[in-house]
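Notebook open, model loaded. I want to go through the helices one at a time and jot down what packs where.

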Amino acid sequence: MKSPIMLLTLGMLWGCANHSTSIYQQLGGEKAIEQIVENFIHEIQFDEYMFSQFKDSNINRFREKMAEHLCMLADGPCQYTGDDMQTVHEGMNITENQFNHSVDLFIKAMDKANIPHSIQNKFLAKIAPSRKDIIYR
C-alpha cells in the first residue's frame with residue numbers, strides 16, 4: 001500500500017514535469033500544429049461569414065505563416081518569418097464579432113485535431129494578446 005505522502009510527492013513531481021513541458025509539446029508538435037492549421041483552413045472555406053475575408057488570400061502562404069506563428073506562440077522550435085499581426089490585418093477592419101467567430105472556428109479546428117480542452121485553453125491564452133493587433137485595423 002502506498003503512503004499518502006508518496007502519492008502526494010508523485011503528484012507534485014508529475015505536476016512540475018507537466019508545467020515544464022511546452023504547449024508545443026503538449027499539443028503534439030509539428031504534426032498537430034499542421035493539422036490545426038489544415039482544419040482551420042477547412043473551417044474558413046465552408047464558413048460564409050469568414051470566407052469573404054480570405055477568398056483572395058494566397059492559401060499556401062497563409063498555411064505556412066500561420067503554422068510558423070502558432071508554433072512560435074506555443075514555444076516550439078520555429079521562427080516566425082511573416083509580417084507582424086498589425087501589418088497582416090491592416091485594412092481588413094475585422095470586427096469583434098468576426099474575431100470571436102474566427103476563434104470559434106479555431107476551437108473547432110483544435111477539436112478536430114483531438115487537442116484536449118485544457119491544452120486548448122493554454123494555447124488560446126498564448127494567442128489572445130494578438131487580438132489588439134487584429135481587430136479594427
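**Entry 1: helix H8**

I started with H8 and looked up its buried residues, which are Ile119, Gln120, Phe123, Leu124 and Ile127. Looking down the axis of H8, I get an arc of 135 degrees that takes in its buried residues, so they line one face of the helix. Asn121 and Ala125 sit on the other side of H8 and are exposed. Note to self: this is a predicted model.

Next I asked what covers the buried residues of H8. The cover includes helix H2 (23-27), H3, H5 and H7.

**Entry 2: Gln120**

A glutamine on the buried list made me look again. Is Gln120 buried or exposed by its relative accessibility? Its value is 2%, and buried means under 20%, so Gln120 counts as buried. Its place is in helix H8.

I then listed what Gln120 touches, leaving out residues up to four places away in sequence: Ile107, Met110, Asp111 and Ile115. For Ile107 I also took the C-alpha to C-alpha distance to Gln120, which is 7.5 Å, with the two positions 13 residues apart in sequence terms.

**Entry 3: helix H7**

On to H7, residues 96-112. I did the length check: 17 residues at 1.5 Å a residue should span 24 Å, and the end C-alpha atoms are 24 Å apart, which agrees.

The buried residues I noted in H7 are Gln98, Phe99, Ser102, Leu105, Phe106, Ala109 and Met110. Down the axis of H7 they fall within an arc of 145 degrees, so these residues line one face of the helix. Which helices do the buried residues of H7 pack against? I found helix H3 (29-45), helix H4 (48-54), helix H5 (59-73) and helix H8 (117-127).

**Entry 4: how H7 meets H8**

Both helices had come up in each other's lists, so I looked up their geometry. H7 and H8 pack at an angle of about 140 degrees, and their axes are 11 Å apart. That makes H7 oblique to H8. The crossing of H7 past H8 is right-handed.

For the residues, I wrote down two sets that meet. From H7 there are Val103, Phe106, Ile107, Met110 and Asp111. From H8 there are His117, Gln120, Phe123, Leu124 and Ile127.

**Entry 5: Phe106**

I picked Phe106, which lies in helix H7, for a closer look. Its relative accessible area is 6%, so Phe106 is buried. What is Phe106 in contact with, leaving aside its neighbours within four places in sequence? I got Ile36, Phe40, Met66, Leu70, Phe123, Leu124 and Ile127.

I also checked Phe106 against Ile41: they are 65 residues apart along the chain, and their C-alpha atoms are separated by 9.1 Å.

**Entry 6: Glu43**

A glutamate next. Glu43 lies in helix H3, and with a relative accessible area of 10% it is buried. Not counting residues up to four places away in sequence, Glu43 touches Leu105, Lys108 and Lys112.

**Entry 7: positive phi values**

I went through the loops looking for odd backbone angles. Asp75 has a phi near 65 degrees, which is positive in a residue other than glycine. I place Asp75 in the loop between H5 and helix H6 (85-89). Its relative accessibility is 45%, so Asp75 counts as partly exposed.

Asn93 is another non-glycine with a positive phi, about 50 degrees, and I find it in the loop between H6 and H7. Then there is Asn114, which follows H7 and has a positive phi near 60 degrees.

**Entry 8: the whole chain**

Last, I zoomed out. How many helices and strands are there in the chain? I count eight helices and zero strands, and along the sequence the pattern reads α-α-α-α-α-α-α-α.

The chain has 137 residues, of which 38% count as buried. I also looked at contacts between residues at least 6 apart in sequence: 68% of them join residues at least 24 apart. The Phe106 contact with Ile36 is one from my own list.

Notes:
Residues are numbered from 1 along each chain as its sequence is written. This is a predicted model: local features need pLDDT of at least 70, side-chain atom pairs count only at pLDDT 80 or more; totals for chains, interfaces and linings use all residues. Side-chain values use heavy atoms; hydrogens and water are left out. Helices (H or I, at least four residues) and strands (E, at least two) are DSSP runs, numbered from the N terminus. The expected span of a helix is 1.5 Å times one less than its number of residues. Buried means under 20% relative accessible area, exposed over 50%, partly exposed in between (1.4 Å probe, protein chains only). The arc is that of the directions from the helix axis to the C-beta atoms. Contact means heavy atoms within 4.5 Å. Axes are lines fitted to C-alpha atoms, for helices over the stretch in contact, and angles run from 0 to 180 degrees between N-to-C directions. Angles under 35 degrees count as roughly parallel, over 145 as roughly antiparallel, 65 to 115 as roughly perpendicular and the rest as oblique. A crossing is left-handed if the near helix is turned anticlockwise from the far one by less than a right angle, and right-handed if clockwise.
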